[in-house]
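Subject: A structure for you to explore

Hello,

Here is the structure I promised to pass on to you. Have a look around it first, and then read on for what turned up.

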Amino acid sequence: MTPRAFWRQVGWVFAKDLRVEFRGGVTLRMATPFAALALLLAPLATGADTALLRRIGPGMLWLVVILFGMTVTLRAGARESGPVRDLLTLSGLDPAAGFLGRSLASALLLLGVTLVLTPLMVVLYAPEGSPGWGWLALLAITGVMALGLLGSLVATLVTGLRDRTALGPLLAIPLAVPVLLATARGTDSAISQRSSLSWLLLLVAMNLALVIVGVLLAGPMDETTR
């Protein structure tokens, strides 16, 4: 398969997953409101300690994004099980292209959730300092991309298992801890007007590792789950 054909397949899977998501509306009607509610309830649990709220704001933002984001990405992977996966295989879809397309679609959905929650975090937690928006944008893009790749990889690993609904989050959440640390610490540095370069490079390295692992495992996992 030529590179052009491969990336055309990636784009087709990307567009397909977005169309399915927009028709179902799970992210817009369910995940995002519940994520916003979770971010809203956290200050009530910690009390009116303004200094504490300012410190935990970035961490709470990314914790909520990861918890609800894994639900979005794992659900997207669960849609392509059984007959749907067989039909895509018979149509000539490269498993690696399917993995990358699903990951990109999930990352875009998570980026939308993050953009909705960020102003809410600023209002509720009032972090100190004037944020470096350039750093925040780069951290958000690389962070949600890592989550999209991780969710698609875990969904691929648990495809075909009877208890995949329970196993998926149990595998994904612990693996997402490095992403949580890098995004939360990087966001905190950006808000404090410090360089977030080291955290950004860590996220870039995570993305590259997940792309390599996901592409290499996509074909063998597709064969074993038939």
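Let's start with L108, and please keep in mind that this is a predicted model. L108 counts as partly exposed because its relative accessible area is 42%, which lies between the 20% and 50% cut-offs. You will find L108 in helix α5. Which residues does L108 contact, leaving aside its neighbours within four places in sequence? They are F14 and L18. L18 is 90 residues away from L108 along the chain, yet the two C-alpha atoms are separated by 8.8 Å.

Now for the whole chain. The protein chain has 9 helices and 0 strands. Of its 226 residues, 44% count as buried. If you take the contacts with a separation of 6 or more, 86% of them join residues 24 or more positions apart. The accessible surface is about 11300 Å², and carbon and sulfur atoms hold 72% of that area.

Next, the inside. The largest nonpolar core has 53 residues, and L39, L117, Y125 and L147 have the most contacts inside it. The elements giving two or more residues to this core include α1, α2, α3, α5, α6, α8 and α9. Try clicking on L147: apart from residues up to four places away in sequence, L147 touches V65, I66, M70, T73, L110, A176 and V179.

Helix α1 is a good place to practise with distances. Its 22 residues should span 32 Å at 1.5 Å a residue, and its end C-alpha atoms are indeed 32 Å apart. The buried residues of α1 are F6, Q9, V10, V13, K16, D17, L18 and E21. A rule worth remembering when you look at such a list: an α-helix has 3.6 residues a turn, so residues three or four places apart point the same way.

How many salt bridges are there in the model? The count comes to 2. One of them joins K16 and D17, with the closest N and O atoms 2.8 Å apart. Both of these residues are buried. The other salt bridge pairs R194 with D188, and here the closest N and O atoms are 3.7 Å apart. R194 is partly exposed at 44% relative accessible area, and D188 is partly exposed too, at 29%.

D188 brings us to the region around α8. This helix has 15 residues and reaches 21 Å from its first C-alpha to its last, close to the 21 Å expected. Among the buried residues of α8 are V179, G186, S189 and A190. After α8 comes Q193, whose phi is positive, near 60°. Further on, in the loop between α8 and α9, sits S196. Is S196 buried or exposed? S196 is buried, because its relative accessible area is 0% and the cut-off for buried is under 20%. Leaving aside its neighbours within four places in sequence, S196 is in contact with W135, L139, G186, S189 and A190.

Finally, turn to the surface. M30, F34, L37, L40, L41 and L44 make a nonpolar surface patch of about 610 Å². L37 lies in helix α2 and counts as partly exposed, at 40% relative accessibility.

Enjoy exploring, and write back with any questions!

Best wishes

Methods:
Residues numbered from 1 in each chain as written. Predicted model: local features only at pLDDT ≥ 70, side-chain atom pairs only at ≥ 80, totals over all residues. Heavy atoms only, no water. Core = buried A, V, L, I, M, F, W, Y, C linked by side-chain atoms within 4.5 Å. Buried < 20%, exposed > 50% of the residue type's maximum accessible area, 1.4 Å probe, protein only. Helix = DSSP H or I, 4+ residues; strand = E, 2+ residues; numbered from the N terminus. Contact = heavy atoms within 4.5 Å. Expected span 1.5 Å × (residues − 1). Patch = residues over 30% accessible without salt bridge, like charges linked within 9 Å, V, L, I, M, F, W, Y side chains within 5 Å. Areas by Shrake-Rupley, 256 points an atom, 1.4 Å probe, with all protein chains shown as cover. Salt bridge = Lys/Arg side-chain N within 4 Å of Asp/Glu carboxyl O.
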